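Here is a short report on the fold, the packing and a few selected residues. Please read it alongside the model.

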Amino acid sequence: MASAPTPPPLLPVTNSAPGSSPATAGGSDAPIAQPAFRLFLSRVSDAARRSLSDRRPWGELLDRSAFSKPDSVSDATSRLRRNLAYFRVNYAAVVAFALGASLLAHPFSLLILLGLLAAWCFLYLFRASDQPVVLFGRTFSDRETLMGLVGASFVLLFFTSVASLIISGLLVGGALVAAHGAFRVPEDLFLDEPNAAAGNSAAQGLLSFLGAPGSGV
């Protein structure tokens, strides 16, 4: 007597919910989009790391034996131009330190500036396009939000001491850089063309995150 044919194996059937993608129904997780703020911070960190790689030793910057009075204004200008090309990252750090010290000496102005930056970040730069700003029961469009932030920035910067502190910090830092560049003899400094090109690309890379995708600018 012939045996009955073996039935084909049953295939597992998964009932996927309506609207679910095949990748989700199969058990694989869909990729999670990285938050814009975290992406922005990572780009800032990478740009700062690339720029700081060209920093010169501070001992070379502060070598007292290399200082002398310039013979003329043209000599001081030539020294400043060469020192700016060589110590550009160190000079940027000096200006940033002067600006930070000016703001830290006035904590109230620093809080105003940080609050203004936070408002720009969370209300405009890193806000999703499908999430409108709702205040006091009223929905504001992107243009109204932008105009409101611009107006608030103008009032807070120019009708408080924030703008004057920023300007004074930049002026002090610029004066320190100009004085050092004019009195530092650059005869022992050698900046070849590949290093100069790399320095220019690093300086541009420091601000590259402003136009990067995901930064919201």
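## Overall fold

The protein chain has nine helices and two strands. This is a predicted model. Along the sequence, the elements run α-α-α-α-α-α-β-β-α-α-α.

The protein chain counts 217 residues, and 23% of them are buried. About 15000 Å² of the chain is exposed. Carbon and sulfur atoms supply 68% of that area. Take the contacts between residues at least 6 apart in sequence: 82% of them join residues at least 24 apart.

## Nonpolar cores

In soluble globular proteins, nonpolar side chains tend to be buried together. In this chain, the largest nonpolar core has six residues. They are L61, Y86, F87, Y91, V177 and L189. Another core, of five residues, lies apart from it. L103, L113, V162 and L165 are among its members.

Y91 belongs to the largest core. Beyond its neighbours within four places in sequence, Y91 contacts L61, N83, L84, V177, H180 and G181. Of these partners, L61 and V177 are also listed in the largest core.

## Helix 6 against helix 7

Two packed helices are described by the angle between their axes and the distance between the axes. For helix 6 (residues 107–125) and helix 7 (residues 142–158), the angle is about 175 degrees. Their axes are 11 Å apart. Helix 6 is therefore roughly antiparallel to helix 7, because an angle over 145 degrees counts as such.

Helix 6 brings I112, L116, A119, W120, L123 and Y124 to the contact. Helix 7 brings D142, T145, L146, L149, V150, A152, S153, L156 and L157. By type, the residues of this contact divide into twelve nonpolar, two polar and one charged.

## Two buried residues: R79 and N90

R79 sits in helix 4 (residues 73–86). Is R79 buried or exposed? Its relative accessible area is 8%, so R79 is buried, the cut-off being under 20%. Setting aside neighbours within four places in sequence, R79 contacts S68, K69 and P70, and also G181, A182, F183, R184, V185 and P186.

N90 is in helix 5 (residues 88–104). Its relative accessibility is 0%, so N90 also counts as buried. Which residues does N90 contact, leaving aside neighbours within four places in sequence? They are R55, R56, W58 and L61. L61 is a member of the largest nonpolar core.

## Helix 5 and helix 8: F97 and I166

F97 is found in helix 5. At 64% relative accessibility, F97 counts as exposed, since the cut-off for that class is over 50%. The C-alpha atoms of F97 and G169 are separated by 8.6 Å. Along the chain, F97 and G169 are 72 residues apart.

I166 lies in helix 8 (residues 162–183). With a relative accessible area of 23%, I166 is partly exposed. Not counting residues up to four places away in sequence, I166 touches L99, L103 and L113. L103 and L113 are among the residues of the five-residue core. How many Å separate the C-alpha atoms of I166 and G100? The separation is 8.9 Å, for two residues that are 66 residues apart along the chain.

Conventions
Residues numbered from 1 in each chain as written. Predicted model: local features only at pLDDT ≥ 70, side-chain atom pairs only at ≥ 80, totals over all residues. Heavy atoms only, no water. Helix = DSSP H or I, 4+ residues; strand = E, 2+ residues; numbered from the N terminus. Buried < 20%, exposed > 50% of the residue type's maximum accessible area, 1.4 Å probe, protein only. Contact = heavy atoms within 4.5 Å. Areas by Shrake-Rupley, 256 points an atom, 1.4 Å probe, with all protein chains shown as cover. Core = buried A, V, L, I, M, F, W, Y, C linked by side-chain atoms within 4.5 Å. Axes fitted to C-alpha atoms, helices over the stretch in contact; angles between N-to-C directions. Parallel < 35°, antiparallel > 145°, perpendicular 65-115°, else oblique. Nonpolar A, V, L, I, M, F, W, Y, C, P; charged D, E, K, R; others polar.
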